[in-house]
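The following exercises are to be worked with the sequence and the three-dimensional structure at hand. Each task is followed by a solution in steps.

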Amino acid sequence: MTTTNRQLILKSRPKGLLAPGDLQLTESLLPELKDGQALAKVKYLSIDPTMRVWMVADTYLPIVPIGEVMRAIGFGEIIESRHPNYKKGDRITGLTGLQDYVIIDASAKQFFQKLPKIPFVSDTVFLGALGTNGLTAFFGMEIAAPRKGETLVVSAAAGATGSIAGQIGKIQGCRVVGIAGTDEKCTWLTKDLGFDAAINYKQSDWKEKLAAATSNGIDINFENVGGDIMHTVLDRMNLFGRVVVCGFISGYTKEDPNMVSLGTVIVKRLRIQGFLILDYASRFMEAATQLGKWKMFGKLKDRETIVEGLEKAPDAINMLFTGGNIGKLIVKV
Ligand SMILES: NC(=O)c1ccc[n+]([C@@H]2O[C@H](COP(=O)([O-])OP(=O)(O)OC[C@H]3O[C@@H](n4cnc5c(N)ncnc54)[C@H](OP(=O)(O)O)[C@@H]3O)[C@@H](O)[C@H]2O)c1
C-alpha cells in the first residue's frame with residue numbers, strides 16, 4: 001500500500017510573524033517500513049511559541065535546517081510496527097514534526113514516550129495541561145516557592161502555561177493576578193479559574209488597574225511575556241521578590257527584544273531564575289501525577305483552542321503572537 005505524507009517544510013526563516021511560504025506544504029510517498037521502525041499517524045500537534053525560536057536561532061535545541069520538516073511536538077498512534085518497543089495501537093507523544101505521519105526508528109536519536117489511555121481524559125490533554133505546558137507551570141511554580149498569602153502575577157495568563165501556573169498559585173494559597181489581552185480572557189480567568197483579578201493589558205489604563213489589584217506589591221512574577229509588561233510588573237515587586245522567567249514571547253518576533261532593566265533588579269533585590277522544562281525530564285511522571293489529581297478533583301481546569309488541518313499550522317503559529325488562542329493551542333491534523 002502506498003501512503004502519502006503531507007509535511008510542512010521550513011523554506012525560509014521568518015522575520016516578524018510567519019509569512020506565506022516560510023513553511024511550505026509538500027507531499028511525498030512514505031517509504032516501506034524497515035526492521036526496527038514503527039509508523040505513527042500524527043493526530044494532534046502542539047503549537048508552541050518556541051517553534052518560532054527554533055526557526056531562527058540555535059538555542060537549547062539546534063536551529064531547524066532550511067528544507068527540513070518543521071519541528072513540533074505531536075500526539076499520534078502507531079499504525080504499523082517493526083520496532084521492538086511499539087505495537088499497533090500504542091499512543092505516543094514526542095517530536096513528530098509538522099506532518100501526517102512520523103517514522104520512529106530504533107537507531108535514531110528520537111524522543112518519544114508511550115502514553116496510557118485514561119478513561120474520560122482526552123488525547124489532547126497530553127499536549128497541554130498534562131503535557132509540556134502543565135509540567136512547565138508545575139516546575140516554574142516550584143521554583144517560585146510561594147508562601148500562603150503572597151501575591152503572584154502571571155503574564156500571558158490565559159495561555160496554556162499561564163492559566164495552569166496561576167491555578168497552581170491559587171492551590172498554594174496565593175493571591176493571583178493574571179495579565180491577558182482581551183476582556184473575554186480576563187473573565188475566564190476570574191470567573192472560571194478563580195484568579196483574584198485579571199488585567200487586560202490592551203486597555204490604556206491597565207497599569208493603574210494592575211497597581212490597584214496589587215496594592216500590597218507583588219511577591220512573585222511568573223513571566224511569560226517580557227518587554228513592557230515585565231518592566232511594569234517588576235516596578236511593583238516587593239523587596240526580595242522572586243521572578244520566574246518562563247518565556248518572553250513579546251521578543252520572539254523582534255530583532256531587538258526590550259529586556260528588563262537591571263537597575264530595578266538591584267534596587268528591588270530581586271531573585272530572577274530562568275528555567276527550561278527539559279531539565280526536569282526525570283520528574284515528569286511525578287508532576288503529571290500531581291497535575292492529573294488536581295484535574296480529576298476539579299482544582300485545575302483547562303481549555304483548548306483547536307485549529308483543524310495540518311495546512312493551517314502556519315496560521316496557528318501566528319495566532320500565538322496575536323493572542324488568538326485561549327488556553328492550549330492545538331492543530332488537529
Ligand atoms: N521555559 C520553558 O521550558 C517553557 C516551556 C513552555 C513554554 N514556555 C514559554 O511560556 C510562554 C507561554 O507559552 P504557551 O505555550 O503557554 O503559549 P500561550 O500562552 O498559550 O500563547 C501565547 C500567548 O501569549 C500572549 N502574547 C503573545 N504576544 C504577546 C505580547 N507581545 N505581549 C503580551 N502578550 C502576548 C497571547 O495572549 P494575549 O491575548 O494575552 O496577548 C498568546 O495567547 C512563552 O513565552 C513560552 O515560550 C517556556
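**Exercise 1: The ligand shell**

The residues of the shell around the ligand comprise 16 nonpolar, 11 polar and one charged; here Ala, Val, Leu, Ile, Met, Phe, Trp, Tyr, Cys and Pro count as nonpolar, Asp, Glu, Lys and Arg as charged, and the others, Gly among them, as polar. The model is a predicted one, in which local features need pLDDT of at least 70 and side-chain atom pairs count only at pLDDT 80 or more, while totals for chains, interfaces and linings use all residues. Residues are numbered from 1 along each chain as its sequence is written, and side-chain values use heavy atoms, with hydrogens and water left out.

Task: Determine how many residues surround the ligand and which are the closest.

Solution.
- Step 1. The ligand is surrounded by 28 residues, a residue being near if one of its heavy atoms lies within 4 Å. The closest are Thr161, Lys185, Tyr201, Tyr252 and Asn325.
- Step 2. Polar contacts are then sought, that is, pairs of N or O atoms within 3.5 Å; within protein, one must be able to donate a hydrogen and the other to accept it, and residues adjacent in sequence count only if both atoms are side-chain atoms. A side-chain N or O atom of Asn133 is 3.2 Å from a ligand oxygen. For Thr161, the corresponding distance to a ligand oxygen is 2.7 Å. For Asn325, a polar side-chain atom lies 2.5 Å from an oxygen of the ligand.
- Step 3. The ligand taken alone exposes 910 Å², of which the protein buries 91%; accessible areas come from the Shrake-Rupley method with a 1.4 Å probe, and for residues only the protein chains shown count as cover.
- Step 4. The elements that give two or more residues to the shell are α2 (132-144), α3 (160-171) and α9. Helices (H or I, at least four residues) and strands (E, at least two) are DSSP runs, numbered from the N terminus.

**Exercise 2: Strands β14 and β15**

Task: Establish which side chains of β14 are buried, and how β14 is joined to β15.

Solution.
- Step 1. In β14 (residues 304-308), Thr305 and Val307 point to one face and are buried, whereas Glu304, Ile306 and Glu308 point to the other and are not. Buried means under 20% relative accessible area, exposed over 50%, and partly exposed in between (1.4 Å probe, protein chains only). In a regular strand, side chains alternate between the two faces of the sheet.
- Step 2. β14 runs parallel to β15 (residues 328-332), joined by five bridges; two strands pair if DSSP finds at least two bridges between them. Glu308 has Lys332 of β15 as its bridge partner.
- Step 3. With helix α9 (residues 313-322), β14 and β15 make a right-handed β-α-β unit: with the strands pointing away from the viewer, the path from the first strand over the helix to the second runs clockwise.

**Exercise 3: Strand β3**

Task: Identify the strands with which β3 pairs, and their sense.

Solution.
- Step 1. Eight of the 10 residues of β3 (residues 37-46) are buried.
- Step 2. β3 pairs antiparallel with β6 (residues 101-105) over five bridges, Lys41 having Tyr101 as partner.
- Step 3. Eight bridges link β3 in the antiparallel sense to β4 (residues 73-81), and Ser46 is partnered by Ile73.
- Step 4. Three bridges join β3 to β15, again antiparallel; here Tyr44 is partnered by Lys332.
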